[in-house]
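User: Please take a close look at how the cysteines and the charged side chains are placed, and carry the account on to the contact between the chains. I would like one connected answer.

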Amino acid sequence: MSYGVIVFPGSNCDHDAYNTAGKLSSADVRYIWHKESSIPSDVKCIIIPGGFSYGDYLRCGAVARFSSVMNEVINFAKKGGLLIGICNGFQILTECGLLPGALLRNKSLNFLCRDTYLKVNNSSVFTSQYGEGDVIRIPIAHGEGNYYADDNTLKSLQDNNLIAFTYVTENGEESSGSNPNGSALSIAGITNKQGNVLGMMPHPERYSEELLGCSDGLGVFESINLAIS
Amino acid sequence: MKKYKAEIKITLRENILDVQGKTIEHALFQLDYDMMGNVRIGKYITLDIEAQNDGQAEELVKDACQKLLSNTVIEDFSFTLE
């Protein structure tokens, strides 16, 4: 079994994702170039990494969504394969409809590159190795991370317990100051109803070992490893 | 086949806060244009298209707007053909 890391022109967190996925287990990790038209059969989890695919032209993720590999990624997810989109990956997943909603410009209009604190909902396969309600420190780096969805969709996310991460203060409280980008319901990450697709704006792969200053993001990859082992 | 030119405008939906528009609105106020308001920023796209008739051209542009050029979750589009 192995991980597949999708690489678009403009991806820039692909190596971080590759490194983090690879050091945790004996799983192989392979890059999958966006022009590929198939996913290797031993791939059990696909990571769509952060970056600026196709220069963010038109809208973030709008062009990447039509790359030839994306049809296969969509099929992979529809068959129940685990799929995680981080930052630009999350934007791509909303553009192709695998996750609901969209990511708007940050409310402040600033590109934000800093640590955030997230409250974890550990009921998903992507977060099972955290404790319920754990507060973790994970960095964000985005200009368009302001999660938007209409009221019905937001209610559905809440009713179905699909909000995996919310922005909070260091003490785990939601406040106007803890939401960095204006996201509805302070949403930092969501899963689909089937539970096999996660999109999140913060970068767990950037805080995956103490050498990087923090390892709070490792739990996401440990959870995936448990699910696919 | 006839040749057409499409002019497409894409804006954020009315119920979505347009933070760029708000920022420009504040800048206009500072220049004493306080009679102006409700600034919305959007995208303007032109493209050439070959189609058999007006109806087909319109269908093709509409399709492209829904599939790629706009994100209908957050944006509205309108276009003219000539």
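Analyst: In this predicted model, Cys96(A) is buried, with a relative accessible area of 13%. No disulfide is found over all chains, and for Cys96(A) the nearest cysteine sulfur, that of Cys60(A), is 14 Å away. Cys214(A) is likewise in no disulfide, the nearest cysteine sulfur being that of Cys113(A) at 15 Å; because its relative accessibility is 4%, Cys214(A) counts as buried.

Turning to the charged side chains, Glu95(A) belongs to helix H3 (residues 88-95) of chain A, whereas Arg59(A) sits in the loop between S3 and helix H2 (68-78) of that chain, so the pair ties together parts that are 36 residues apart in sequence. Their side chains meet in a salt bridge with an N to O distance of 2.8 Å, and both Arg59(A) and Glu95(A) are buried. Arg59(A) also reaches across to the other chain, where its side chain meets that of Glu75(B) in a salt bridge of 3.8 Å, N to O. A network of salt bridges links Arg59(A), Glu95(A), Lys43(B) and Glu75(B).

The rule finds one salt bridge across the interface of chain B and chain A, together with four residue pairs in polar contact, both residues being at pLDDT 80 or more. On the side of chain B that touches chain A, the elements giving two or more residues are helix H1 (19-30), strand S2 (42-51) and helix H2 (54-69) of chain B. By class, that side of chain B has nine nonpolar, five polar and three charged residues. In residue terms, 17 residues of chain B are in contact with 13 residues of chain A, and the two chains bury about 1,300 Å² between them, with 69% of it on carbon and sulfur atoms.

The search of the whole structure finds twelve salt bridges over all chains, and two of the pairs within chain B can be set beside those already described. Asp54(B) and Lys2(B) meet through their side chains at 3.6 Å, N to O; this pair links distant parts of the chain, with Asp54(B) in helix H2 and Lys2(B) in strand S1 (residues 2-12) of chain B, 52 residues apart. Asp54(B) counts as partly exposed at 47% relative accessibility, and Lys2(B) is partly exposed at 42%. Asp63(B) forms a salt bridge with Lys67(B), the closest N and O atoms being 3.4 Å apart, and because these two are four residues apart in helix H2 of chain B, about one helical turn separates them. Here Asp63(B) is partly exposed, with a relative accessible area of 36%, while Lys67(B) counts as exposed at 54%.

Back in chain A, helix H5 (residues 218-228) has eight of its eleven residues buried, so it is largely enclosed by the rest of the structure. Its buried residues, among them Phe221(A), Ile224(A) and Asn225(A), pack against strand S1 (2-7), helix H1 (14-24), strand S3 (43-48), strand S4 (82-86) and S9 of chain A. Asn225(A) has a relative accessibility of 8%.

Another buried asparagine, Asn179(A), has a relative accessible area of 17% and is placed in the loop between strand S9 (163-168) and strand S10 (187-191) of chain A. A polar atom of the Asn179(A) side chain lies 2.9 Å from the backbone oxygen of Ser183(A). Leaving aside neighbours within four places in sequence, Asn179(A) is in contact with Tyr167(A) and Ser186(A).

Note on methods: Residues numbered from 1 in each chain as written. Chains lettered and ligands numbered in written order. Predicted model: local features only at pLDDT ≥ 70, side-chain atom pairs only at ≥ 80, totals over all residues. Heavy atoms only, no water. Contact = heavy atoms within 4.5 Å. Buried area = accessible area lost by both parts, 1.4 Å probe. Salt bridge = Lys/Arg side-chain N within 4 Å of Asp/Glu carboxyl O. Polar contact = N/O pair within 3.5 Å; in protein donor to acceptor, adjacent residues only side chain to side chain. Nonpolar A, V, L, I, M, F, W, Y, C, P; charged D, E, K, R; others polar. Disulfide = S-S within 2.5 Å. Buried < 20%, exposed > 50% of the residue type's maximum accessible area, 1.4 Å probe, protein only.
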